[in-house]
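Colleague: Got a minute to walk me through this model? I'd like to start with the ligands.

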Amino acid sequence: MAVNSAELSQIVDGLSGDVKKISPKYFYDERGSQLFDEITRLPEYYLTGAELAIMRDNIDEICTLVGKRASLIEFGSGSSLKTRVLLEHLSELAAYVPVDISKQHLYAAGAQIRDEFPHIDVQPVVADFTQPFQLPSPAVMPVRNIVYFPGSTIGNFEYDAAIELLRVMHHEAGEDGALLIGVDLQKDPALIERAYNDSAGVTAEFNLNMLRHLNRDYGANFDVTEFAHSANYDQDNGRVVIELISKAKQTFAVGNTEFELADGEAILTEYSHKYTLDGFAAMAGQAGFRVAKVWMDAERLFSVQYCVRL
Ligand code: SAH
Ligand code: AVI
């Protein structure tokens with residue numbers, strides 16, 4: 001497979017700063033997407049269960065807000081798990097457009113959705129949603145676009161990048177459109193930390209798999225056995241800091257560029273921000289959205305929010 005030179009430069013740049021970092025989008029090769037699916041089934045990972053419960057408990061109201069003949073455009077659709085609740089209940093949909101960077105996984109999920117919902121026009125798009133990409137034109141003209149962004153994937157973006165991404169969604173939603181988004185909430189730090197340090201070690205495997213992905217597709221030579229998973233909740237900044245910690249002094253290369261790591265030095269692989277309702281509303285406001293409706297689970301662990309244009 002030819003190495004994508006823009007992505008290679010992005011990886012090398014990220015590893016060249018004072019804090020070494022790699023974008024979380026590199027978690028998601030085929031194995032990474034499967035590992036994420038496993039994470040969603042872990043007892044410690046409260047996010048998925050809470051979000052599914054919110055969707056099921058409020059599906060009639062959500063469907064009324066979505067309305068008829070909308071095009072449902074999902075950013076980072078993965079296995080489209082939560083989307084099925086919507087697809088089962090939306091009586092008329094102009095199209096379902098799942099957008100994801102993880103190609104094989106997206107196509108497999110798209111094919112399965114087509115089998116399960118043969119009446120729905122499913123149009124998968126392989127794209128990095130942080131870069132400009134083309135949306136397909138559905139066979140039936142949609143009345144409006146609903147951008148769906150479940151899972152609290154917004155939390156994997158730093159403040160400015162999150163606003164930029166919300167602005168892209170604002171643009172894709174268009175004049176009459178809206179955003180339906182899953183937003184994880186601040187809570188007991190111990191509960192949050194457990195979700196990212198599961199006892200079965202699946203999150204650790206997910207984190208380490210990023211190095212395998214870079215070795216296979218980007219000409220890196222990480223020794224995966226020389227890294228350990230780490231996830232700590234930084235309460236001051238309301239975010240989980242997920243890192244790979246070097247177990248020894250070592251060198252590695254990505255393409256032709258060599259790097260040194262001290263024993264105990266970290267590579268930052270992901271932030272997972274947790275929000276207050278006010279904090280998210282302010283951020284959405286910066287991108288031109290007003291939060292029109294918030295649903296939460298009984299324990300107020302997670303929220304699903306319906307945002308319209310200001
Ligand atoms: N929405 C699903 C999956 C969340 S996991 C759920 O809630 O369960 C995050 C998903 O976003 C993965 O499928 C990953 O491949 C995708 N993703 C992450 N960064 C992306 C990017 N920059 N562009 C496109 N897809 C991305
Ligand atoms: C996709 N995203 C919202 C997940 C999260 O919880 O931040 C990714 C993840 N990282 C570790 N576990 C799950």
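Modeller: Sure. First a term: a polar contact is a pair of N or O atoms within 3.5 Å; within protein, one must be able to donate a hydrogen and the other to accept it, and residues adjacent in sequence count only if both atoms are side-chain atoms. The model is predicted, so local features need pLDDT of at least 70 and side-chain atom pairs pLDDT 80 or more, while totals for chains, interfaces and linings use all residues. Residues are numbered from 1 along each chain as written, chains are lettered from A and ligands numbered from 1 in written order, and side-chain values use heavy atoms, without hydrogens and water.

Colleague: Okay, which side chain has an N or O atom 2.9 Å from a nitrogen atom of ligand 2?

Modeller: That's Asn156. Oxygen atoms of ligand 2 also sit 2.5 Å from a side-chain N or O of Tyr45 and 2.6 Å from one in Ser272. The protein buries 97% of the 340 Å² that ligand 2 exposes when taken alone (Shrake-Rupley areas, 1.4 Å probe; for residues, only the protein chains shown count as cover).

Colleague: Which elements give two or more residues to that shell?

Modeller: α2 (30-40), α9 (202-217) and β11 (266-273). Those are DSSP runs numbered from the N terminus: helices are H or I with at least four residues, strands E with at least two.

Colleague: And ligand 1, how many residues surround it?

Modeller: 18, with Gly76, Lys82, Asp100, Asp128 and Phe129 the closest; being near means having a heavy atom within 4 Å. An oxygen of ligand 1 is 2.6 Å from a side-chain N or O of Lys82, and a nitrogen is 3.2 Å from a polar backbone atom of Ile101. The protein covers 95% of the 570 Å² that ligand 1 has on its own.

Colleague: Switching topic: how many disulfides?

Modeller: Zero, where a disulfide means two cysteine sulfurs within 2.5 Å. Cys63 is in none, because the nearest cysteine sulfur, in Cys307, is 17 Å away, too far for a bond.

Colleague: Is Cys307 buried or exposed?

Modeller: Buried, at 0% relative accessible area. Cys63 is buried too, at 15%; the cut-offs are under 20% for buried, over 50% for exposed and partly exposed in between (1.4 Å probe, protein chains only).

Colleague: Last one: what's the strand order in the four-stranded open sheet?

Modeller: β1-β11-β8-β7, with mixed pairing; strands pair if DSSP finds at least two bridges between them. β1 (20-21) and β7 (227-234) are the edges. Eight bridges join β7 to antiparallel β8 (239-246), and Asn232 stands opposite Val241 in β8.
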